[in-house]
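Please load the model in your viewer and keep the selection tool at hand. We will go from stop to stop, and at each one I will say what to select and what is there.

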Amino acid sequence: MPGLEDLYREIILDHYRNPRNRGELPSPPAVRTEGFNPLCGDEVVVYLKLADGVIADLKISGQGCSISQSSASMMSAAVKGKTTAEARATIRAFRSMMSLHEQQLDAPPAGASLEGNGADDVAAEGQPGDQGVPLGDLEALQGVVKFPVRIKCATLCWHTLAQALDEAEATAAGP
Amino acid sequence: MEVTPAALDVARIKKDFPILERQVYGKRLVYLDSAASSQKPLAVLEAMQRYYETTHANVHRGVYAIAEEATRLYEEARAKVARFIGAGSPEEVVFTRNATEATNLVAYSWARANLGPGDVVVATEIEHHANFVPWLQLRGEKGTELRVLRLADDGQLGLDDLAQVLAGAKLLAVTAASNVLGTLPPVRQLADAAHAAGALVLVDAAQWVPHMPTDVSSFGADFVAFTGHKMLGPTGIGALWARRELLESMPPFLTGGEMIRDVRLDGFSTNDVPWKFEAGTPPIAEAVGLAAAVDYLEALGMAAVRAHERSLTAYALGALKEHYGEDIVIYGPPDPALRAGIISFSYKDVHAHDISQVLDQAGVCVRAGHHCAKPLMRRLGVSATARASFSIYNDEADVDALVEAIAAADALFG
Ligand SMILES: Cc1ncc(COP(=O)(O)O)c(C=O)c1O
C-alpha cells in the first residue's frame, strides 16, 4: 500500500505553504476561468493574460486541498512566460503523466513495479513527459496517481487552464 | 420514570462484525463513517447467504414451496420493519432502493399529483440533497415555490419565522437528524405546525432510524424515509412509511410488473398498497438481510444504542476539545444530548481531504467533503468538512485513535 510520503512530497508541501502566483488580475483584459470539482467542492480560478501568444501573466485563486493548491502553484510557475503552444504541450504532458498511471492502476502487469514500468512507458514517449516537455517540479505529483481519488484534485487546475487558453485565444482572434 | 438502559458490550459487538478484524496499512481498522454506511454483522450476512442457498425464488408468483417461502420471508421482513418503526400495519411500509428513492417516490407520486404552480414546499437548510434536490426539481417542472427554514447560529433550525415560512405551505420536508451537524430538529413540533398550516410532512429519518428508538406516530409525520445500509442492513433496500389512506390516494411511481392488478390493451389497474409502489422484482435477499439487521438492533435495544452513542459522542467532543482547543472547530449543537453521533469538524486551515488522507494511514476512516449537503456547507462558510460518525461497534479506543491521528495531520500540515 502506498504511504503518505508518496503523496505529500516535500516540494508539494512547499508549494502548498507558499503558493506561487496567487491572486487575481483585472478581468478584462485578463481572462477569468473557474474550475469546480463537484465531488469535493474544490474550486480554482485561473486569471490569464496573453500578449503576442505568450502568457504574460497568470494568477490563481480559489480553495482546495494541498494537492489541488500545490498543483496549481506548480502549474503557474511552469507556464508563466511560455508561449501558448508550450503551455498546451505542458498540459498534455501533465495529463499523460496522470492518465498513464491511472491505466496501470487498472491493470497492473504481473510482477512489474508501477515505478519501473511507468518510467519505461514515459521514456517511450520521450522522457520526460510528452513531446520532450520537461515537467520539472511537477513530477513530484506523480505519486498522486497511487491515490486514485486524489487525481482529480491534481488535474482540476490543468483543465481550467486549458479552458482559459481556449477562451483567451478566442478573444485574441476576436471579431 | 426513565429506565437507564444496560450498557452495550462493545467488545462483544465488535466480534460480530467481520470487517472490523481487517487491518489497513498494518493498523487496526477504526471505522468512523457509519453515517455514510454502517458495517454489517455476521447475522445479516448469514441470513442473506442462507436465503440464497435454501430459498431463493421470485416473490408473489410461484405456487411452489420455495417461492412461497421467499414470499413469506419478504413479507415478514416488511412486518418486522413496520413494527420496528411503530407503523400501524405492514402495508404502510413500501420497500424502495434507498432513502433517496423514498423521497423521490413522494416527489414523483404525491407531489406531482397534488402540487402545481405557486404551491409551497418548505425544506430546511440542513437537508441532505436527497430531501432537497427533488423539491428544486419540482419547482423547475411544476412552478412550485420552495421556501427554506434556516439554520441558526446555535446549530439548531431557526424557528422564529416558522409560522410565516409555513403559511400556505402544502409540504414540509425535514430531516430527523442532520448527517453533517448531528442536529435533531424538533420534528413533532414542526409537524404539528405544518399540519396546522395545512401541509403534509415528509421526514428524512435516514440518520435517525439506525440510532434512536423510532415511532413514526410520535413524529406526527405523513411520510418517513430511511435506508437499510445505514442500519446494519445491506445496500439496495430502503423504505418509505406513509399513512395508508395517503398511499391509497397516490398514483403509482414506477410501473410495470408486480405493481399491477390487471392490464388490458387499453389500460391497467394497480395492485393494493404497498405493492402498488413496488414495480419489478423487489430486493428480496436485501429484505431478508434488513430483517436480520432489525433483529440485531432490537436485541441490543434502541434505547441502549442511543445511550451508548450519546455517551461516546460526549467523550469525543470532550477529547477533541481537550487536545485541540481553539484549533478545532466542531459544527453543530455543543450539547451531546441534542445531537446524533456525528461530529463534523475543521482543523486549523488543513483541508478535510488532507485530514482524512492522513487519518486513513492510521487506519481511521472518516468522511471528507460536502456530505451531500451543499446548501448547509455554504451556510457554514466551508467547502468541505471532515466527519466522524459512530455506531454500536465504536468505543472510546476508536475515538482515541481519531484524536491521535489528528496530531499526525498537524505534524504534516499544521
Ligand atoms: C440524512 C440523509 N438522508 C438521505 C440519505 C440518502 O441515503 P441513500 O443514499 O441510502 O438514499 C443520507 C445518506 O447519505 C442521509 O444522510
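The tour below starts with a whole chain, moves on to the ligand and finishes in some loops. Keep in mind throughout that this is a predicted model.

**Stop 1: chain B as a whole**

Select chain B and show it as a cartoon; you will have 14 helices and 17 strands on screen. Turn the view along the principal axes, and the C-alpha atoms of chain B fill a box of roughly 70 × 55 × 45 Å. How does the radius of gyration of chain B agree with that of a compact globule? For 414 residues, a compact globule would come out near 22 Å, and chain B has 22 Å, so the two agree.

**Stop 2: the ligand and its shell**

Now select the ligand and centre on it. The ligand sits in the largest pocket. To bring up the residues that surround the ligand, start with B:Asn98, B:Ala99 and B:Thr100, then add B:His128, B:Ala130 and B:Asn179. Continue with B:Asp204, B:Ala206 and B:Gln207, and complete the shell with B:Thr227, B:His229 and B:Lys230. Colour this shell by residue class and you will find 3 nonpolar, 7 polar and 2 charged residues.

**Stop 3: polar contacts of the ligand**

Keep the ligand in view and show B:His229 as sticks: a polar atom of its side chain lies 2.7 Å from a ligand oxygen. Next, pick B:Lys230, where an N or O atom of the side chain is 2.8 Å from an oxygen atom of the ligand. At B:Ala99, look at the backbone instead, since a polar backbone atom there is 3.2 Å from a ligand oxygen. If you switch on a surface here, note that the ligand taken alone exposes 390 Å², of which the protein buries 87%.

**Stop 4: a loop in chain B**

Staying in chain B, select B:Tyr25, in the loop that runs between β1 (23-24) and β2 (27-28). What is the sign of phi at B:Tyr25? Phi is positive, near 50°, in a residue other than glycine. Most residues other than glycine have a negative phi.

**Stop 5: two prolines in chain A**

Finally, go to chain A and find the loop between α2 (10-17) and β1 (31-37), which holds A:Pro28. A:Pro29 also lies in the loop between α2 and β1 of chain A. Look at the peptide bond joining A:Ser27 and A:Pro28: it is cis, with omega about -5°. Step along to the bond joining A:Pro28 and A:Pro29, which is cis too, with omega about 15°. Most peptide bonds are trans.

Terms used
Residues are numbered from 1 along each chain as its sequence is written. Chains are lettered from A and ligands numbered from 1 in the order in which they are written. This is a predicted model: local features need pLDDT of at least 70, side-chain atom pairs count only at pLDDT 80 or more; totals for chains, interfaces and linings use all residues. Side-chain values use heavy atoms; hydrogens and water are left out. A residue is near a molecule or strand if one of its heavy atoms lies within 4 Å of it. A polar contact is a pair of N or O atoms within 3.5 Å; within protein, one must be able to donate a hydrogen and the other to accept it, and residues adjacent in sequence count only if both atoms are side-chain atoms. Accessible areas come from the Shrake-Rupley method with a 1.4 Å probe; for residues, only the protein chains shown count as cover. On a 1 Å grid over the protein atoms alone, a cavity is a set of points where a 1.4 Å probe fits but cannot get out, and a pocket is an open set with protein on both sides within 12 Å along at least five of seven lines; lining residues have an atom within 4 Å of a point. A molecule sits in a cavity or pocket if more than half of its atoms lie within 2 Å of its grid points. Ala, Val, Leu, Ile, Met, Phe, Trp, Tyr, Cys and Pro count as nonpolar, Asp, Glu, Lys and Arg as charged, and the others, Gly among them, as polar. Helices (H or I, at least four residues) and strands (E, at least two) are DSSP runs, numbered from the N terminus. The radius of gyration is taken over C-alpha atoms; the globule rule is 2.2 Å times the number of residues to the power 0.38.
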